[in-house]
Amino acid sequence: MRGGPGLVLEVIAGVNLAIPSNRTPAGLYVLVSTSYGQWNTAIKAPMADCSVSWNDTLTIHASPLKFPRWLMPIFSRKSKAIHLEIRASFESGPMLGQGELVGVFETTLERLLGSDERPISISTVDNQRISLGLRARRSQTTQMANHAVGGNEQSEIGRSTDAARDAYILFGTSSLASDLDNSIRGFQSVLDQCPLNHPGRAAALSNLAHAVLRGNAKNIRTDIDHGISLFRSALDLRPPGHPDHLLSNLDLCQALQYRYLHQKAHADLEATDLSRYVLPLCVEGSYLHQVVLDTNKLHASQISSSQHSERHYDQRSVVQSSEIPEFEQKRSPPQLCPPASLSNAETRVRGRNVVIFGETGVGKSSIINTLAQQGLAETSNDASGCTSSSERYPVAISGQKFVLFDTAGLNEGTEGTVPAAMAEKQLKRLLLELMSPESDGIGLLVYCVRSTSAPRALARAYNTFYAGICQKRVPIVIIITALEKETHIDNWWDTNREKFESHGMQFAGHAYVTALQEYPGIQDIFTRRIEESSEILRNLIVNNCLDRAPTTAGSSVLRKHGAPRPRRGRRTE
């Protein structure tokens, strides 16, 4: 701010605060708007009694204050108005959008300055229970206003996030599938704009996961496993020491609890370890601490009422409500040590293995060559497959090391290069080897399909390999080929996406590319598409492949499918 008169506004505290969406926030902040600009407080965590103490001072530029107070009535009402909003942030660090609106307050410069620097309390315009404590005084300052909001224009990602969040909140009251669809589409669009190294990617993953889970809770068919996979990906980006590490653990814990309640999957007892891990790291008396206590009680109740006694789960390992005081009295220093399910045995930093699979003749080998920008894999110009077994190709993409796995084509029939049954068996074996604890895990699945393939037919391989073998614990993207004759390629996914989702298929990303190879006399339009495909494919891999690839260590899925002993040479150091 330029030197001159100003208003020093002390934002003291807010009480009876409630989050409309019932999500657990990282914190809340106050946004102050006048005709001269916007300012905001720091984000502060709420307490168990739904209050927040900011005790934050904002120095606000306000030109009318240069005149005596008795002259203030000559100024327009707009110039004296002060608009305040309490907003919930679901990120402790950089926010995506402005967060969720909790309460709106309206006051004036006159009212604030007429209090003679005594604290005053104002209530929201539509809820007298929510109140905000303020104190104001004049100030002559030559410094910039602290906590000033930088510019009035939000980024495209911020606007898209806010629009998706509005639809998410509206769905909470309307329960209309159209509102949920708008929310999921909006959050997916934001995620598409946040590559792997984007500071907001974890938040984008969490937002989408919450929308998916909330839809299922309201009896709209959404994929619980997909939501949990998104929460795991967000947690991977928020390791111990990250300011939102605890919140991401809680999100995953509650999602696993929800799935356990509906499916009684024993693997979801992992939620107990997560909640016990989070509890001693929470500030006693905080809202987060209370949520974790309630989460423990709920999960203990679910387990005690479960009829699946064959697991012989030790109920004593659950933190019962009666045990909490004794547990906290020990006050042993909390250590940021993840539970066993998140330890190095399951999510250590591994090689980035990318498995490319799909129908025969769809262009998988050509895609390998396009990604590598050299002719590594043998290709064929006809519809029959040319890959007879899984082939491994180490490549560098944007300075990062990956291992691409080319696989035999599916659905080739008994007379093809590799019969369909054998191709499926080979792919299962490869996935199980890579998912074993001795190997490097899978960072990304790439499902290659033709634009002319029926989604119903594609769903079988999706469910067998992604949902069955990989348990939806790794990202999956879709690549569509055979679009060379399409005139409106960019609209293809928008037109066909619902067809895939209606068959239970959801993807972390998509791309439409040409699998054509350059040859003498090729038309310029196809040459351009080949060049564009290279950049699109490389970005798709870099932005969606996990750094910390999960395995199925100790999982029954390995025993169920008869996983072989991993062969040497699968590791990619």
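Reader: In this predicted model, what relative accessible area makes a residue buried, and what makes one exposed?
Author: Two cut-offs split the residues into buried, partly exposed and exposed. Exposed takes over 50% relative accessible area, and partly exposed lies in between. Buried means under 20%.

Reader: How many residues of helix α12 are buried?
Author: Helix α12 covers residues 364-372. Its buried residues are Lys364, Ser365, Ser366, Ile367, Ile368, Asn369, Thr370, Leu371 and Ala372. The helix is therefore largely enclosed by the rest of the structure, and its buried count is nine of nine.

Reader: Which residue follows α12, and what is its phi?
Author: α12 itself runs over residues 364-372. The residue after this helix is Gln373. Its phi is positive, near 60°.

Reader: How many of the nine residues of helix α8 are buried?
Author: α8 spans residues 270-278. Glu270, Ala271, Thr272, Leu274, Ser275, Tyr277 and Val278 are its buried residues. So α8 too is largely enclosed by the rest of the structure, with a buried count of seven.

Reader: What share of the protein's residues is buried?
Author: The protein has 17 helices and 14 strands. Its residues number 573. The buried share is 53%.

Reader: Among contacts between residues at least 6 apart in sequence, what share joins residues at least 24 apart?
Author: One such pair shows the kind of contact meant: His226 is in contact with Gln506, and the two are 280 residues apart in sequence. Over the whole protein, the share joining residues at least 24 apart is 71%.

Reader: Is His226 buried or exposed?
Author: His226 sits in helix α6, residues 224-236. Its relative accessible area is 7%. The cut-off is under 20%, so a value of this kind has one label. His226 is therefore buried.

Reader: Which residues does His226 contact, leaving aside neighbours within four places in sequence?
Author: One partner is Gln506, with a C-alpha to C-alpha distance of 7.6 Å from His226. The full set of contacts is Val212, Tyr466, Lys472 and Gln506.

Reader: Is Lys472 buried or exposed?
Author: Lys472 lies in the loop between α14 and β13. His226 is among its contacts. Its relative accessibility is 8%, so Lys472 counts as buried.

Reader: What is the phi of Gln471, and what is that of Lys472?
Author: Gln471 also belongs to the loop between α14 (455-469) and β13 (476-481). At 29% relative accessibility, Gln471 is partly exposed. Neither is a glycine, yet both have a positive phi. For Gln471 the phi is about 55°, and for Lys472 it is near 55°.

Reader: Which residue's side chain makes a polar contact with that of Asn216?
Author: Asn216 is part of helix α5, residues 201-217. With a relative accessibility of 17%, Asn216 is buried. Beyond four places in sequence, Asn216 touches Thr222, Ile224 and one more residue. That residue also supplies the polar contact, at 2.7 Å: Tyr258.

Reader: How are α3 and α4 oriented to each other?
Author: Two packed helices are described by the angle between their axes and the distance between the axes. For α3 (residues 156-174) and α4 (residues 177-192), the angle is about 155° and the axes are 8 Å apart. Angles over 145 degrees take one label. The pair is therefore roughly antiparallel.

Reader: What hand has the crossing of α3 and α4, and what classes of residue make the contact?
Author: On the α3 side, the contact includes Ile157, Ala164, Tyr168 and Phe171. On the α4 side it includes Leu180, Gly186, Phe187 and Val190. By class, this contact has nine nonpolar, six polar and two charged residues. As for the hand, α3 passes α4 in a crossing that is left-handed.

Reader: How are α13 and α14 oriented to each other?
Author: The axes of α13 (residues 420-435) and α14 come within 10 Å. They cross at roughly 25°, in a right-handed crossing. Angles under 35 degrees share one label. These two helices are therefore roughly parallel.

Reader: How many charged residues are in the contact of α13 with α14?
Author: α13 brings Glu424, Leu427, Lys428, Leu431 and Leu432, and α14 brings Arg460, Thr464, Phe465 and Ile469. By class, five are nonpolar and one is polar. The charged residues number three.

Conventions. Residues are numbered from 1 along each chain as its sequence is written. This is a predicted model: local features need pLDDT of at least 70, side-chain atom pairs count only at pLDDT 80 or more; totals for chains, interfaces and linings use all residues. Side-chain values use heavy atoms; hydrogens and water are left out. Helices (H or I, at least four residues) and strands (E, at least two) are DSSP runs, numbered from the N terminus. Buried means under 20% relative accessible area, exposed over 50%, partly exposed in between (1.4 Å probe, protein chains only). A polar contact is a pair of N or O atoms within 3.5 Å; within protein, one must be able to donate a hydrogen and the other to accept it, and residues adjacent in sequence count only if both atoms are side-chain atoms. Contact means heavy atoms within 4.5 Å. Axes are lines fitted to C-alpha atoms, for helices over the stretch in contact, and angles run from 0 to 180 degrees between N-to-C directions. Angles under 35 degrees count as roughly parallel, over 145 as roughly antiparallel, 65 to 115 as roughly perpendicular and the rest as oblique. A crossing is left-handed if the near helix is turned anticlockwise from the far one by less than a right angle, and right-handed if clockwise. Ala, Val, Leu, Ile, Met, Phe, Trp, Tyr, Cys and Pro count as nonpolar, Asp, Glu, Lys and Arg as charged, and the others, Gly among them, as polar.
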